[in-house]
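Colleague: I have a model open and would like to learn how to read it. Could we go through a few features together?

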Amino acid sequence: MPTAFIIGGGIAGFNAAIAAAKKNYQIVLLEQASFFEYASSRNAAIARTYDPDPELVYPLQKSVLNMIHIPNLLNKQGLLLKPLERDYISESHPLHPDLKPTHQETKTSFGDFFSGLWIPANGAVDLSLLHAHLKQEVVHYATKITFLENAQVKEVCGSEWIHTIFYEDVNAQQSKLPLSKEDIVFLAAGSWSANPDQIGLQKSFPLNAYKRHLFFLKSEQASNQEPIYWSEQEDVYVKPENGGYLVSLCEEWKTNGDDYHADEKIIQQLPESLKGSFQGLLHLGVQSYWACLRTFSMDSRPILGWDPYHPNLFHVCGLGGKGVSLSLSLANMILAEWDNKNAFSSFSPQRFL
Ligand SMILES: Cc1cc2nc3c(=O)[nH]c(=O)nc-3n(C[C@H](O)[C@H](O)[C@H](O)COP(=O)(O)OP(=O)(O)OC[C@H]3O[C@@H](n4cnc5c(N)ncnc54)[C@H](O)[C@@H]3O)c2cc1C
């Protein structure tokens with residue numbers, strides 16, 4: 001039985017594992033830290049069905065509709081999106097009735113009025129349940145799995161066909177994985193996929209990492225029984241949770257693929273950004289904040305498909321700000337690209353050649 005070696009144990013890597021298992025590959029999943037440790041757990045966990053890109057509307061809707069069927073995965077309190085007038089929903093894709101937006105004005109728990117487009121099916125994902133679900137799916141479909149945490153891939157060798165992977169464990173112990181002619185490699189390394197040369201792979205498409213911070217403001221008033229408020233006019237979103245509010249200023253700083261350092265100066269921007277639609281949050285203290293990276297291709301679409309230079313290398317990256325929302329349709333998107341060798345499609349790496 002051939003083996004799929006997967007580099008990266010986030011949402012992308014686990015979806016690659018599900019897809020490969022469905023194609024009857026054994027799975028070896030290599031993660032340099034712990035599974036889901038980076039972008040896949042440091043995000044805002046908002047599931048959104050709308051997107052201005054018509055290519056993404058259907059997979060986003062499909063993913064969120066799949067989430068609804070998994071108990072407690074999606075806290076469906078909806079999303080209130082300012083401004084009102086934007087046409088987010090593509091006419092070319094029929095809408096599930098649950099996804100239809102209407103106009104709504106709400107009095108928030110922090111005392112401000114917020115009016116926007118109400119998208120009822122959107123909501124907050126329980127990330128622990130999502131991670132557990134993806135892991136269970138791999139176990140369900142794969143006949144043989146090797147999960148390797150603290151296994152950092154150092155080098156991938158092969159001028160065309162990849163024949164060896166070298167990785168290192170926490171004790172700096174080097175190990176070597178030889179590949180047979182049927183074996184394949186998935187590069188699902190999140191922001192690190194932007195610098196494939198670090199592990200000996202040629203850079204075959206443009207991919208960039210952008211830093212964004214999240215703040216948690218403590219409050220007894222907050223409850224996850226209210227919607228997420230997103231002001232696109234002010235570039236701020238607020239996600240009420242039990243015990244406080246998760247806030248993002250939606251900033252984007254281009255940076256290196258491994259720069260996860262939180263910048264202290266960002267705290268100073270917070271009051272100015274909350275002044276407009278979120279005045280009621282101004283008096284709350286910041287309990288914690290952190291930085292994470294969103295990774296984008298040039299057209300902001302995910303990159304899913306075979307590498308143009310290494311015939312047994314498949315990329316799953318560039319999930320940008322949509323990795324959580326897409327997480328329950330990504331394996332099927334990978335499968336749709338699988339048999340598309342050398343062909344151009346909306347998601348294939350070939351579109352950048
Ligand atoms: C601040 C912020 C907020 C976000 N909010 C949302 C949201 O509300 N909704 C939404 O849908 N999306 C959101 N996202 C986007 C979402 O988090 C990402 O799209 C998604 O997590 C990307 O998953 P990934 O598996 O590609 O990357 P990651 O989770 O980063 O996984 C890549 C993995 O590869 C591993 N790796 C890298 N190099 C190696 C190597 N050499 N050897 C072994 N392992 C390696 C890394 O350790 C990492 O665990 C947000 C992102 C950010 C930054």
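Modeller: Start with domains: their bounds come from an automatic or database domain assignment. This is a predicted model, and its chain is assigned domain 1 (1-45 + 126-206 + 298-353) and domain 2 (76-123 + 208-296).

Colleague: How many residues does the contact take from domain 1 and from domain 2?

Modeller: Domain 1 gives 17 residues to the contact and domain 2 gives 14. On the side of domain 1 that touches domain 2, seven residues are nonpolar, nine polar and one charged. The C-alpha centres of the two domains are 29 Å apart.

Colleague: Now helices. Why is H1 called oblique to H5?

Modeller: Angles that are not roughly parallel, antiparallel or perpendicular count as oblique, and 65 to 115 degrees is the roughly perpendicular range. The axes of H1 (residues 11-22) and H5 (residues 330-338) come within 8 Å and cross at roughly 55°, which makes H1 oblique to H5. The crossing is right-handed.

Colleague: Which residues make that contact?

Modeller: H1 brings Ile11, Asn15, Ala16, Ile18, Ala19 and Lys22, while H5 brings Leu330, Ala331, Ile334, Leu335 and Trp338. By class, nine are nonpolar, one is polar and one is charged.

Colleague: And for a sheet, which strands are at the edge?

Modeller: An edge strand pairs on one side only. Here three strands form an open antiparallel sheet in the order S10-S11-S12, and the edges are S10 (152-157) and S12 (174-178). Neighbouring strands are turned by 20° against each other on average, direction ignored.

Colleague: How many bridges join S10 and S11?

Modeller: Five bridges, in the antiparallel sense, pair S10 with S11 (residues 164-168). Valine 153, for instance, has tyrosine 167 in S11 as its bridge partner.

Technical notes
Residues are numbered from 1 along each chain as its sequence is written. This is a predicted model: local features need pLDDT of at least 70, side-chain atom pairs count only at pLDDT 80 or more; totals for chains, interfaces and linings use all residues. Axes are lines fitted to C-alpha atoms, for helices over the stretch in contact, and angles run from 0 to 180 degrees between N-to-C directions. Helices (H or I, at least four residues) and strands (E, at least two) are DSSP runs, numbered from the N terminus. Angles under 35 degrees count as roughly parallel, over 145 as roughly antiparallel, 65 to 115 as roughly perpendicular and the rest as oblique. A crossing is left-handed if the near helix is turned anticlockwise from the far one by less than a right angle, and right-handed if clockwise. Two residues are in contact if their C-beta atoms, placed from the backbone, lie within 7 Å. Ala, Val, Leu, Ile, Met, Phe, Trp, Tyr, Cys and Pro count as nonpolar, Asp, Glu, Lys and Arg as charged, and the others, Gly among them, as polar. Two strands pair if DSSP finds at least two bridges between them.
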